[in-house]
Amino acid sequence: ILVLGDSISAGYGMSLEQGWVALFAGELATSYPQYHVVNASISGETTEGGATQIANAIETFAPELIILELGGNDGLRGFPPARIKENLLLIARRAKDSGADVVLLGIRIPTNYGTRYTQAFEAVYADVAEELDIQSIDFFMEGVALNDDLLQDDRIHPNAEAQPILLDNAWPVIRATLEAQ
């Protein structure tokens, strides 16, 4: 299982062992010991970077499942939603073409970007999931993003206490995808 994400999945500001991906790997060791998790997440990564690295990641790791958690940095930089969608489609198509299943973890951005942009940005995830018939969740940081007690001082990145919540948000759709394989 390959996790392709940004700082949220890279465990920014904490040890890797505290991050949701490490917690996920621990859960898998118990529930699905046949799987191994590779965290290819990079802090600051964009969908364009993911599109650039996906072919090499597939060749290197030959994943059966790719968990895709990208787009937040694109949104914070004001990249056009159409460009974000194009990159996510490219990544997910390459994953599917390799035989891997894909789980897409949706992200939202602060409302100060304006209603039109934030709505267009959020729609990208649902559109990609529907177009490619892949599993997804609307908002990976549900229950975390607006809770200062669960965020680091930058009020963007989840802290260690938030990591089990992130896993709880993602686990049902990941489990359903694994059970369908």
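Let me start with aspartate 148, which at 43% relative accessibility counts as partly exposed, where buried means under 20% relative accessible area, exposed over 50%, and partly exposed in between, with a 1.4 Å probe and protein chains only. Its partner is arginine 155, and the two side chains meet in a salt bridge at 2.9 Å, N to O, the term standing for a side-chain nitrogen of Lys or Arg within 4 Å of a carboxyl oxygen of Asp or Glu. Arginine 155, at 56% relative accessibility, counts as exposed.

Before going on, I should say that this is a predicted model, in which local features need pLDDT of at least 70 and side-chain atom pairs count only at pLDDT 80 or more, while totals for chains, interfaces and linings use all residues. Residues are numbered from 1 along each chain as its sequence is written, and side-chain values use heavy atoms, with hydrogens and water left out.

Let me stay with the salt bridges, of which a search of the whole structure finds five. In one of them glutamate 48 is joined to arginine 83, with the closest N and O atoms 2.9 Å apart. This pair links distant parts of the chain, since glutamate 48 sits in helix H3 (residues 47-61) and arginine 83 in helix H5 (residues 81-97), 35 residues apart; helices here are DSSP runs of H or I with at least four residues, strands are runs of E with at least two, and both are numbered from the N terminus. Glutamate 48 is partly exposed at 39% relative accessibility, and arginine 83 is partly exposed as well, with a relative accessible area of 34%.

Helix H5 also carries arginine 93, whose salt bridge with glutamate 131 brings the closest N and O atoms to 3.0 Å. Here again distant parts of the chain are linked, with glutamate 131 in helix H6 (residues 115-132), 38 residues from arginine 93. Arginine 93 has a relative accessible area of 39% and is partly exposed, and glutamate 131, at 44%, is partly exposed too.

Now to the sheet, which is open and has five strands in the order S2-S1-S3-S4-S5, with parallel pairing; two strands pair if DSSP finds at least two bridges between them. The edge strands are S2 and S5 (135-137), each of which pairs on one side only. Strand S1 (residues 2-5) runs parallel to strand S2 (residues 38-39), and two bridges join them, while S1 and strand S3 (residues 65-69) pair in the parallel sense over four bridges. Leucine 2 is a convenient landmark, standing opposite valine 38 in S2 and opposite isoleucine 66 in S3. Along S1, Leu2 and Leu4 point one way and Val3 and Gly5 the other, and all are buried. On the next pairing, S3 and S4 are parallel over four bridges, with leucine 68 opposite leucine 104 in S4.

What does threonine 47, in helix H3, touch? Leaving out residues up to four places away in sequence, threonine 47 touches Leu70, Gly71, Asp74, Ile84, Asn87, Leu88 and Ile91, contact meaning heavy atoms within 4.5 Å. Threonine 47 is buried, at 0% relative accessibility.

Finally, the pockets. On a 1 Å grid over the protein atoms alone, a pocket is an open set of points where a 1.4 Å probe fits, with protein on both sides within 12 Å along at least five of seven lines, and lining residues have an atom within 4 Å of a point. The largest pocket has a volume of about 600 Å³, a volume being the space filled by probe spheres set on the points, which are joined across faces, edges and corners. Of the 23 residues that line this pocket, the closest to its centre are Arg108, Ile109, Pro110, Met141 and Ala145. Helix H1 (7-10) and helix H4 (72-76) are the elements giving two or more residues to this lining, and H4 gives the most, with three. By class the lining of the largest pocket has twelve nonpolar, six polar and five charged residues, where Ala, Val, Leu, Ile, Met, Phe, Trp, Tyr, Cys and Pro count as nonpolar, Asp, Glu, Lys and Arg as charged, and the others, Gly among them, as polar.

The second largest pocket has a volume of about 150 Å³, and its lining includes Lys96, Asp101, Asp133 and Thr177. Strand S4 (101-105) and helix H7 (163-180) each supply at least two residues of that lining, with H7 giving the most, three residues.
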